[in-house]
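Subject: Handover of a structure and notes on its contents

Dear colleague,

Please find below the structure that I am handing over to you. My notes follow it, arranged by region.

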Amino acid sequence: MREYDIVIGLEVHAQLLTSTKIFCGCSTKAGLPPNTNTCPVCMGMPGILPVLNRKVVAYGIKLGLATHCSITRRNIFARKNYFYPDLPKGYQITQYENPLGEHGFLEIEVGHSSKRIGITRIHMEEDAGKNIHDEHEPLSYVDFNRAGVPLLEIVSEPDITSTEEAVAYLKELRQVLMYLDICDGNMEEGSFRCDANISVKPAGSEQFGIRTELKNMNSFKNVQKALEFEINRHIGIVKSGGRVEQDTMLWNAAENRTYSMRSKEESHDYRYFPEPDLLPLEVDDAWIEEVRSLLPELPSARRRRFQLQYGIPEYDADVLTQSKPLADYFEKCTHLLDSPKEISNWIMTSVLRVLNEKGIDISALTVTPEMLTDMLSLIKKGTISISMAKDVFSEMAGTGRSSAEIVKSRGLEQVSDEVDLRDKVRDIIENNPAETEKYRAGKTQLLGFFVGQLMKATRGKANPKIANKIIKEMLDS
Amino acid sequence: MLETARQYRCSTLRPTELVDDLLARIRSGSLNAFITVDEAGAMRDAGKAEKALKQGSGDTLTGIPVAVKDNICTRGIKTTCASKILANFVPTYDATVVERLRNRGAIIIGKTNLDEFAMGSTTTTSTFGPAKNPWDETRTPGGSSGGSAAAVAAGLCAGALGSDTGGSIRQPASFCGITGLKPTYGSVSRFGLVAFASSLDQIGPMARTARDTAVLYDAIKGHDPSDSTSVPRGYPAIDLKSPDMNGIRIGVPDEFFAEGLSPEVALSVRRGISTFEGLGARIIPISLPYIRYGVAVYYIIATAEASSNLARYDGVRYGVRKEGSGDLTDMYMETRAQGFGAEVKRRIMLGTYALSAGYYDAYYKKASQVRVLISQEFEAAFTRCDLIAGPTAPVCAFGLDEMMDDPLSIYLLDIYTIPANLAGLPALSLPCGFSGEGMPVGMQLIAPHFREDTLLGAGMAFQDHTGFHEVRP
Amino acid sequence: MKITEPEVVHVARLARLKLNTGEVEQFQKDLNSILGYMDMLSEIDTTGITPVVHATNIMNVMRPDTIIGSQTLSDALSNAPKHKAGNIVVPKVIE
Ligand SMILES: [Mg+2]
Ligand SMILES: [Zn+2]
């Protein structure tokens, strides 16, 4: 029995893959020189006004439906007022009352059991710019290129009770966002950002502990480590009879610890009120149904279906559904060749290895599903061996040539012609009388020696099954 | 304005000649009506207009010199809002209304003085000093569009743009004896208008006559996709023939003639209403009990929105920065402390308080609810009448030395103009008489949403039968 | 007194306005007089009234997700009090 219950709630900010910012016609492209991706609207110049990007709402509805939220019909935008140099207007346009999505959930799997994590709300808002700090002088530099990029903020219920669940939830949410094609999920570059609220309480207690907010975790590994650190810190304080102080903590990945941000914090009073520059937004049934009809199959459903339809193990289904393009790749292969488990094996080993080595997406892989399945057919027909196929695959991935071409140009066809092989085995027997003697006297382990000789004679192209059969037959006769 | 256009057509006047003359008069005058005069730009555009007129490709507004309130952005021309904090601000974009005027060939002659960020009723909170009333330079022209009103009254431009959040076009129009229209909320784009209170602000035209006001309104009105609150609908041109007032129902609310109203103003306005009666209008006594809460509602909503709208003046991206001791918060505090005047600070304080934790429901939310009641009350009234008439302001222009130091009594000057802003209704101020001391008195007409045609038509009919608008200072 | 001196100081801090002692006193007095006047609103029963922001019933104003483009860097920085290498420079942000 654990001594303490852990209570975690997560807040995710997901940058949306729209072409333009949420309230102006600037592009959302990242990586441009500072302040070149701005206009008077996203720079918060005097007299300018916001106009809502319709796609942001559509994407919000999409995520809302995918996470079983109820979609709010009458939405209003609100201003969240605070001063910060990267916040051009002195307020962030966001939603406060009546967020776009509410009361949803996400199903996660931890240790073979599944659990529902409640989603409190999903709302639309604008991103801020970026501050960069000078290392030598007491100065900061502000770049507004990111200001106004659309975000969905996804707030979970405090249903998460372990770091494993937290990571599973984040992975699942990220996967859903990527399946929906509304966020690229890049944590390092900040398009998928996560904050956590943590508290601990004596096991079984009804009373929640004092919580701290944890920020600045830009990878799953960091989330795991930061949460563990913070939980232990809480437990340590409580155990020694102390009291956790409500605070915002910053994870420092270099030092593997959290730091209090209290120095900067003051009592926040965001003075939310309805944004008077925007009118109410009414989402009707027709719009919701339109979005629903375009929803792709979501990762959890696809995982289940892969196991049932293709009879592949849970592990395989997990790996193959990591990303939508990968799962699509798998399914395309299965339509071309009815050998799901073999296809799965090849994808999980060779395909993923190449993607990893090259640091590319499946979309950039030169080996198309047709090419992969053609190669698997050659194995089936016995034209090439599995070990040969591995070389063929590498060459396909490198050059984009088809397996047939590679096999032909490198002369890799297996020799399955029994007459030819029998001739060669006869020669080998004649040339190795001592070994033949020993074998025939009962030292059958020497079979390997003869197979090796045959492979040598055929430069590895003998079909191993046939080779074994012939050698055995001829030695035994 | 229409007169100038006529003279242009008969070639008895040329744009360069007129603009040259106006620039000289502005330079030598002492009204302090302008903050920035774009002499070079105005002469250049006058030359262009002259060419267009010669080629016969001009329209009514070609070559017409218009003044623009200095809270409306003009590309390449300083836009200060009469504030120290924006004293050096040069927009890189034109407000939609400015673009529309330019497209019609109008000449932007300069940027007019106002109360800082349009917060005031006297044009005395301007960091560039008070504007003066051309009828008596010891008096205020009203505010906040006091510079625009003074410039029009003194004939320094043919017409002007103002902005009206709680009466800032109508009250100075009444103090300066000119005509001013606060259009329906959503009928004129706010894009490029430096926001004071977004849900109340509206740009509008000011001119000597209702007809000129209508011409200017026609030029600036209409849907603008850059302003989400701009209403997409048809905007037919205003008919410049004065309508038959026979049978028009004019509601006169008791509450508009309550205590605090100067008897001289009451008398002139009552006479103005009788003029309409003489033209065949039916006068209907009505009651609007909730409008007495208008000032309280307004100063909560307007200051709450303002406290947020003015947060962007932080010295980071534009404006005058004061660094202070070197830390960031200090820069904010110093920049804003030195950049804003007392009235602006007072309103930011009030609005911040009204939105702050624990007070939101009692102030902002309550005010937004009472705002609904005021709107509903007007809606009900407009089932019984076509227009509502009353005074524009409770008093005539007063002396700059008679300024009240109590902010509340200044706020109460807006008591008759505020309700139209809260309900988003169009309202017009027309000159309807003079006080014993010879200062103009304004009458206010309010119409249902988008009935600027009724409103301006009534103004034209009134002016066809009266001469108050023709008296010059 | 509706608004206390510490509240005035707190509100000024929220609004990033540096006030001197005289201003604190003055604003406390002014705000109290105005807030006192606003008390008249408590006479009105507003239960059940949905507050509105605009006196218009328009809604669903949106634009298509089409790139219009950005301003030039020189326009973006033309009013900036301090800038360096395209960035706007401010006193150090402490985190
Ligand atoms: Mg957020
Ligand atoms: Zn932009």
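I begin with strand S6 of chain A, residues 91-94. In this predicted model, Tyr91(A) and Ile93(A) point to one side of the strand, Gln92(A) and Thr94(A) point to the other, and all are buried. S6(A) pairs with strand S5 of chain A (residues 78-81) in the antiparallel sense, over four bridges. Within that pairing, Ile93(A) in S6(A) has Arg79(A) standing opposite.

The loop between S5 and S6 of chain A leads to a contact with another chain, since it carries Phe83(A), whose aromatic pair crosses to Tyr332(B) in helix H10 of chain B (residues 328-339). In total, the structure holds 32 aromatic pairs over all chains. The pair of Phe83(A) and Tyr332(B) is tilted, with 5.6 Å centre to centre and 50° between the planes. Are its two rings buried or exposed? Phe83(A) has a relative accessible area of 8% and is therefore buried; Tyr332(B), with a value of 2%, is buried as well.

Another aromatic pair, formed by Phe449(A) and Phe450(A), is edge-to-face, with 5.2 Å centre to centre and 80° between the planes. Phe449(A) is partly exposed, at a relative accessible area of 27%, whereas Phe450(A) is buried, at 2%. In chain B, one aromatic cluster is made up of Phe89(B), Phe117(B), Tyr313(B), Tyr318(B) and Phe340(B).

Next, the metal site. Which residues coordinate the magnesium ion (ligand 1)? The donors are His13(A) through NE2, and Glu125(A) and Glu153(A) each through OE, at 1.9 to 2.4 Å. Along the chain, these donors follow the spacing H-x111-E-x27-E. His13(A) belongs to strand S1 of chain A (residues 4-15) and Glu125(A) to strand S8 of chain A (residues 113-126), so this pair ties together parts that lie 112 residues apart in sequence. His13(A) and Glu125(A) are both buried.

Two further strand arrangements may be of interest. The first topic is strand S2 of chain B, residues 65-69. Five of its five residues are buried, so S2(B) is largely enclosed by the rest of the structure. Pro65(B), Ala67(B) and Lys69(B) point one way from S2(B), while Val66(B) and Val68(B) point the other way. S2(B) runs parallel to strand S3 of chain B (residues 107-112), and five bridges join the two. Ala67(B) has Gly110(B) in S3(B) as its bridge partner.

The other arrangement is an open sheet of four strands, in the order S9(A)-S10(A)-S3(C)-S2(C), with antiparallel pairing. Its edge strands are S9 of chain A (130-133) and S2 of chain C (83-84), each of which pairs on one side only. Strand S10 of chain A (residues 139-143) and strand S3 of chain C (residues 87-91) pair over four bridges in the antiparallel sense. There, Ser140(A) has Val90(C) in S3(C) as its bridge partner. Strands of a sheet pair through backbone hydrogen bonds, in either the parallel or the antiparallel sense.

Finally, I turn to pockets and cavities. The second largest pocket holds about 1,000 Å³ of space. Of the 39 residues that line the second largest pocket, Arg74(A), Pro51(C), Val52(C), Val53(C) and His54(C) are the closest to its centre. Strand S4 of chain A (74-75) and helix H12 of chain B (361-381) are the elements that give two or more residues to this lining. H12(B) supplies the largest share, nine residues. By type, the lining of the second largest pocket divides into 23 nonpolar, ten polar and six charged residues.

How many cavities of 30 Å³ or more does the structure hold? There are six of them. The largest cavity has about 100 Å³ of space. Its lining comprises 15 residues, and those nearest the centre are Phe23(A), Val41(A), Pro50(A), Lys89(A) and Glu126(A). The lining of the largest cavity divides into nine nonpolar residues, one polar and five charged.

With kind regards

Note on methods: Residues are numbered from 1 along each chain as its sequence is written. Chains are lettered from A and ligands numbered from 1 in the order in which they are written. This is a predicted model: local features need pLDDT of at least 70, side-chain atom pairs count only at pLDDT 80 or more; totals for chains, interfaces and linings use all residues. Side-chain values use heavy atoms; hydrogens and water are left out. On a 1 Å grid over the protein atoms alone, a cavity is a set of points where a 1.4 Å probe fits but cannot get out, and a pocket is an open set with protein on both sides within 12 Å along at least five of seven lines; lining residues have an atom within 4 Å of a point. Grid points are joined across faces, edges and corners, and a volume is the space filled by probe spheres set on the points. Ala, Val, Leu, Ile, Met, Phe, Trp, Tyr, Cys and Pro count as nonpolar, Asp, Glu, Lys and Arg as charged, and the others, Gly among them, as polar. Donors are N, O and S atoms within 2.8 Å of the metal (3.2 Å for Na, K and Ca); water is not among the atoms, so sites may look incomplete. Buried means under 20% relative accessible area, exposed over 50%, partly exposed in between (1.4 Å probe, protein chains only). Two strands pair if DSSP finds at least two bridges between them. Rings of Phe, Tyr and Trp (its six-membered ring) pair if their centres lie within 6.5 Å; planes under 30 degrees apart count as stacked, over 60 as edge-to-face and the rest as tilted.
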